[in-house]
Amino acid sequence: MPRLRPFRPADLTAILERTVSGLPGTIGVYVTDLMSGRSAGLNPTAEFYAASTIKVPIAMAVLRLVDQGRLSLDQTIAYQPEDYQAGTGVLQATIRPGDRVSVRRLLELMITVSDNIARNMLERFIGSGTIRNYMLSLGVAPAYDPLETPVTPAGMTQVLIALDSGRSGLSRDSTRMLLRWMEEAAFRQRIPRYLPESVVAATKIGSRDDEFHDVGLVYAPDRSFAISVFTKGLSQSQAEEVIGRIAEAVYWYEDSLTRPA
């Protein structure tokens, strides 16, 4: 049996450095090869505003309660005016005070169309402390703050690895459901941008002001990886292009490892 090439963090780091060379702002990347568990990155512990990438661990915290029997996917939550938030989503156009929406539907909207009202309703219902404690249980630092939501590329990749590996505490059904929603996400201009059609990318973007991010699990036929890319100080078009190029570069590096050394 031919010996495959090993994942070498220094090699991938050099590729990442070339990919972002000459760009302004700050770019943080953390990649973990799911076969070897080895990682590489740029500015992996730099703090960024999570924006909507935080909706992944929020969904995981909600689904953990469901799997524990403390919450039902069919349970409904009443909308309150304090839940309103403009921006991404669809509930802004139709929901009225007192309207009730199921936990399942809120989760789906929060992930697939990044619905801000859905996020706020779920967070109010389970409490920010529940989300904070759940993220701490995954070993993610800094601690969750619902107003600032600081995250690092390395910390968010830990969330993704927990989801993929089963260390999230979620049942297999809950894990599959969340990954399916991430695969069906409406916003595909970043990590999936230059990936081959044979690749399955379960992703979640985040954006605020001059910060544009994407995090996800990329499943290729022969080699898969978790990736978090956070940017600050770039235009949206610059950020989306470089995030796409970073994911593309990681994919082809991973692909090269499947060939005999």
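Modeller: Let's start with a polar contact of 3.2 Å between the side chains of Arg-190 and Glu-240. Keep in mind that this is a predicted model.

Biologist: Okay, which other side chain makes a polar contact with the side chain of Arg-190?

Modeller: That's Ser-207, at 2.9 Å. Arg-190 itself sits in the loop between H7 and strand S7 (200–208).

Biologist: Is Arg-190 buried or exposed there?

Modeller: Buried means under 20% relative accessible area. Arg-190 has 2% relative accessibility, so it counts as buried. Leaving out residues up to four places away in sequence, Arg-190 touches several residues, including Phe-212, His-213, Asp-214 and Ile-243.

Biologist: And salt bridges, what's the general idea, and how many does the structure hold?

Modeller: Side chains of opposite charge can pair when their charged atoms come close. The structure holds 13 salt bridges. One of them joins the side chains of Asp-33 and Arg-223, at 2.9 Å from N to O.

Biologist: Where do those two residues lie?

Modeller: Asp-33 is in strand S1 (residues 26–33) and Arg-223 is in the loop between strands S8 and S9, so the pair ties together parts 190 residues apart in sequence. Asp-33 and Arg-223 are both buried.

Biologist: How should I read the bridge between Glu-108 and Arg-105?

Modeller: Their closest N and O atoms are 3.3 Å apart. Glu-108 and Arg-105 are three residues apart in helix H3, so about one helical turn separates them. Glu-108 is partly exposed, with a relative accessible area of 25%, and Arg-105 is partly exposed at 39%.

Biologist: Which residues do salt bridges with shared partners join into one network?

Modeller: Arg-193, Glu-241, Arg-245 and Glu-248.

Note on methods. Residues numbered from 1 in each chain as written. Predicted model: local features only at pLDDT ≥ 70, side-chain atom pairs only at ≥ 80, totals over all residues. Heavy atoms only, no water. Helix = DSSP H or I, 4+ residues; strand = E, 2+ residues; numbered from the N terminus. Buried < 20%, exposed > 50% of the residue type's maximum accessible area, 1.4 Å probe, protein only. Polar contact = N/O pair within 3.5 Å; in protein donor to acceptor, adjacent residues only side chain to side chain. Contact = heavy atoms within 4.5 Å. Salt bridge = Lys/Arg side-chain N within 4 Å of Asp/Glu carboxyl O.
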